[in-house]
Amino acid sequence: VLSSSLPRLVREFVAQNNTSQIKHVIQILSQEFALSQHPHSRKGGLIGLAACSIALGKDSGLYLKELIEPVLTCFNDADSRLRYYACEALYNIVKVARGSVLPHFNVLFDGLSKLAADPDPNVKSGSELLDRLLKDIVTESNQFDLVGFIPLLRERIYSNNQYARQFIISWILVLESVPDINLLDYLPEILDGLFQILGDNSKEIRKMCEVALGEFLKEIKKNPSSVKFAEMANILVIHCQAADDLIQLTAMCWMREFIQLAGRVMLPYSSGILTAVLPCLSYDDRKKNIKEVANVCNQSLMKLVIPEDDEMDEAKQSMTLPAEPTSEESVSKPEAASSDLPVVRRANWMLQHLNQAVSFPCSSERIQVTLNLDGIVQVLDCHLHDTSIGMMTRIAVLKWLYHLYIKTPRKMFRHTDSLFPILLRTLSDESDEVILKDLEVLAEIASSPAGQTEGHGPSDTSDVRPGPVELHVPARAGQLSSSGMKSLECSPSTPTMNSYFYKFMINLLKRFSSERKLLETRGAFIIRQLCLLLNAENIFHSMADILLREEDLKFASTMVHTLNTILLTSSELFQLRNQLKDLKTPESRNLFCCLYRSWCHNPVTTVSLCFLTQNYKHAYDLIQKFGDLEVTVDFLTEVDKLVQLIECPIFTYLRLQLLDVKNNPYLIKALYGLLMLLPQSSAFQLLSHRLQCVPNPELMQTADSTKPSTSFKRTTASNIDYTELLQHFEKVQNKHLEARHQRAGRAEQLDRRVVL
């Protein structure tokens with residue numbers, strides 16, 4: 001009856017323009033049939049509403065609210081057949097009304113999103129037909145209310161149902177393809193949800209989501225000036241740390257593009273970005289793609305830091321970006337929100353979080369951006385303290401620190417006191433590459449003029465004891481201003497190096513003292529690299545001055561032996577050896593005296609220093625004192641090593657001077673003294689053979705023998721009190737003898753206790 005007489009009745013009412021009767025018919029169909037308790041009545045009501053809509057034709061738009069609402073109510077019916085009929089009825093209503101249904105799009109979309117996850121295949125099939133029809137209408141129309149739709153999309157995008165997710169992504173793809181709809185403006189509100197869907201278990205849904213994200217990224221590259229980069233930065237930071245490889249790689253690719261397109265707009269989010277990027281740099285080949293993209297992100301972000309960031313006064317910025325959360329807040333809180341909050345609350349949280357951001361134009365030239373250096377340093381410091389991070393991450397952290405000290409030295413020196421301990425501990429790292437980068441950072445701290453600025457000096461001034469040392473460092477071109485040079489001249493520790501240089505030397509020696517294994521395995525490597533990075537004379541001068549006050553005499557002897565070996569054998573010390581070889585200048589003589597006083601902790605190294613500086617008479621005088629010393633196996637071993645060194649290229653000049661017997665008698669006497677100290681060993685045979693090659697003075701006489709020979713003779717260094725140096729040597733050796741006796745006494749007491 002409904003299908004035959006109802007359309008005719010409705011058409012008559014339309015012809016009569018009888019609106020009240022039409023509404024009355026629709027109301028009866030809705031209340032008494034579609035919403036009836038009886039299933040057959042509900043079915044009839046749905047058919048009647050569809051027939052009524054067809055009869056109304058173009059006028060159906062005037063009654064859409066009354067027609068649609070009861071049908072949507074039947075979407076929730078327990079009977080799958082009724083849900084199917086409701087879907088069929090709504091299809092007919094929408095097909096007739098076409099564009100007139102757009103004002104009711106949200107309720108239609110809400111109903112369809114539920115049917116998309118319907119367990120009945122017939123209902124799902126019907127909903128798909130209706131969905132395609134609605135998409136066609138939206139695509140054809142230019143009156144779609146995107147602003148009103150976004151809140152619903154933002155809520156529905158967090159659904160965990162696969163079919164609902166597929167439905168959402170399909171609609172996003174459709175809206176993105178419509179030229180008149182600019183979905184990019186609202187991307188910050190749905191981006192987090194898209195990344196959530198990207199982690200779906202269904203390969204098909206993941207692929208659809210990849211396509212959607214890819215389309216958005218293409219549009220971002222085409223129109224970077226209209227993109228709200230700042231509002232999406234923290235979202236990417238969160239997903240760059242995802243456990244799912246696809247999510248992490250996609251988010252990292254987005255981050256790479258954001259940094260390259262937005263430039264310095266991304267700087268305020270640097271600490272969060274570094275929190276996400278740095279761990280990825282140590283990934284193995286299984287995550288090679290993520291590692292490569294993360295490396296590009298890291299390099300691009302580093303290039304955004306410029307020297308002007310060191311001069312900007314935060315209080316005078318014309319515009320500031322939203323305060324970036326700390327490294328813990330930027331990671332922990334969003335992750336907690338994304339995992340613990342219900343879907344709707346999570347969406348609301350994300351919206352609130354994003355609303356705190358400010359939109360900025362792409363061009364970094366139109367805006368001043370403040371570098372959040374405190375947050376960056378906190379992240380870098382945290383990664384250095386984390387012993388579980390990989391080698392490449394540690395290297396990247398140290399590269400960042402070095403870069404920041406180069407670009408923003410004044411601001412960085414505010415953090416030096418807190419960074420200094422961990423930088424020193426990093427010298428114990430297993431990787432030589434890490435140690436090299438660490439030494440570069442420490443060397444920059446120790447030599448930067450900014451380190452001498454008033455108020456930025458080292459905190460533990462008790463360790464910084466100005467001694468009678470004169471340190472020199474070549475000034476860097478263009479680096480020292482007049483004020484900077486003035487501040488360097490009034491350093492509390494060293495005249496021409498900043499306050500941290502002496503502090504560094506003190507703490508480095510302390511570390512060697514507490515970690516003897518570090519000294520044995522890496523000590524020479526560390527000191528040699530520092531001699532390349534800094535001024536070798538300054539390093540040896542300051543270390544000698546510090547060791548002169550060292551209370552642990554055994555360590556002082558070991559350290560002096562290490563320094564002496566480096567001095568005599570390392571190519572990095574070639575210039576310093578030449579400086580000491582002649583002692584022509586007051587500076588070289590001052591350096592010799594400083595080294596000598598500390599070298600006295602080790603008798604054999606003291607003799608080798610005298611050989612290096614051609615103080616042969618004093619070397620002979622020292623060897624004469626060896627008779628009063630306690631000759632141990634270690635002592636004889638060091639003499640053996642010295643004999644081996646004499647045969648090395650470094651002492652070629654010394655061996656050639658043996659030809660001039662007349663002018664170098666004390667050299668020969670000193671070598672014979674060493675020979676007499678040695679037992680019958682290979683070193684004894686080696687030195688004995690060398691001395692047998694010394695020519696007879698009478699055979700070496702020539703026609704010019706009456707003239708004083710100058711071929712090998714060196715003018716005696718003036719202003720050096722060798723008697724005082726010899727007395728100092730005896731004093732130091734007496735201290736060592738007393739210390740050895742005390743150690744022996746303690747060992748004997750310990751043995752007695754063990755026996756008892």
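This passage describes the overall fold, the nonpolar core, one helix pair and two linked buried residues in a predicted model.

The protein chain holds 36 helices and zero strands. Of its 756 residues, 52% are buried. Contacts reach far along the sequence. Among those between residues at least 6 apart, 76% join residues at least 24 apart.

The largest nonpolar core has 231 residues. Within this core, Trp254 and Phe611 touch the most other members. Helix 13, residues 245-262, supplies ten residues, the largest share of the core. The core also draws at least three residues from each of domain 1 (1-144) and domain 2 (373-451). In soluble globular proteins, nonpolar side chains tend to be buried together. Beyond its sequence neighbours up to four places away, Trp254 touches Leu187, Leu191, Phe195, Leu213, Phe216, Leu217, Ile220 and Leu236.

Helix 14 spans residues 270-277 and is mostly covered. Eight of its eight residues are buried. The buried set in helix 14 consists of Ser270, Ser271, Gly272, Ile273, Leu274, Thr275, Ala276 and Val277.

Helix 27 (residues 553-569) packs against helix 28 (residues 574-582). The angle is about 95°, and the axes lie 8 Å apart. Angles of 65 to 115 degrees count as roughly perpendicular, so helix 27 and helix 28 are roughly perpendicular to each other. On the helix 27 side, the contact involves Ile566, Leu567, Leu568 and Thr569. On the helix 28 side, the partners are Leu576, Arg577 and Leu580.

Thr569 belongs to helix 27. Its relative accessibility is 41%. Partly exposed covers the range between 20% and 50%, so Thr569 counts as partly exposed. A polar atom of the Thr569 side chain lies 2.5 Å from the backbone oxygen of Thr565. Leaving out residues up to four places away in sequence, Thr569 touches Arg577, Leu645 and Ile650. Thr569 and Pro649 are 80 residues apart along the chain, yet 9.4 Å separates their C-alpha atoms.

Tyr596 sits in helix 29, residues 586-599. Its relative accessible area is 0%. The limit for a buried residue is under 20%, so Tyr596 is buried. Not counting residues up to four places away in sequence, Tyr596 touches Thr606, Leu609, Cys610, His618, Leu622, Leu725, Leu726 and Phe729. Leu725 is 129 residues from Tyr596 in sequence. The C-alpha atoms of Tyr596 and Leu725 are 7.8 Å apart. A polar atom of the Tyr596 side chain also lies 3.3 Å from the backbone oxygen of Leu725.

His618 is placed in helix 31, residues 616-625. With a relative accessible area of 5%, His618 falls under the same 20% limit and is therefore buried. The side chains of His618 and Tyr596 make a polar contact at 2.6 Å. Outside the window of four places in sequence, His618 touches Tyr596, Cys610, Tyr722, Leu725 and Leu726. Cys610, Leu725 and Leu726 also appear among the residues that Tyr596 touches.

Definitions and conventions
Residues numbered from 1 in each chain as written. Predicted model: local features only at pLDDT ≥ 70, side-chain atom pairs only at ≥ 80, totals over all residues. Heavy atoms only, no water. Helix = DSSP H or I, 4+ residues; strand = E, 2+ residues; numbered from the N terminus. Buried < 20%, exposed > 50% of the residue type's maximum accessible area, 1.4 Å probe, protein only. Polar contact = N/O pair within 3.5 Å; in protein donor to acceptor, adjacent residues only side chain to side chain. Contact = heavy atoms within 4.5 Å. Core = buried A, V, L, I, M, F, W, Y, C linked by side-chain atoms within 4.5 Å. Domains from an automatic or database assignment. Axes fitted to C-alpha atoms, helices over the stretch in contact; angles between N-to-C directions. Parallel < 35°, antiparallel > 145°, perpendicular 65-115°, else oblique.
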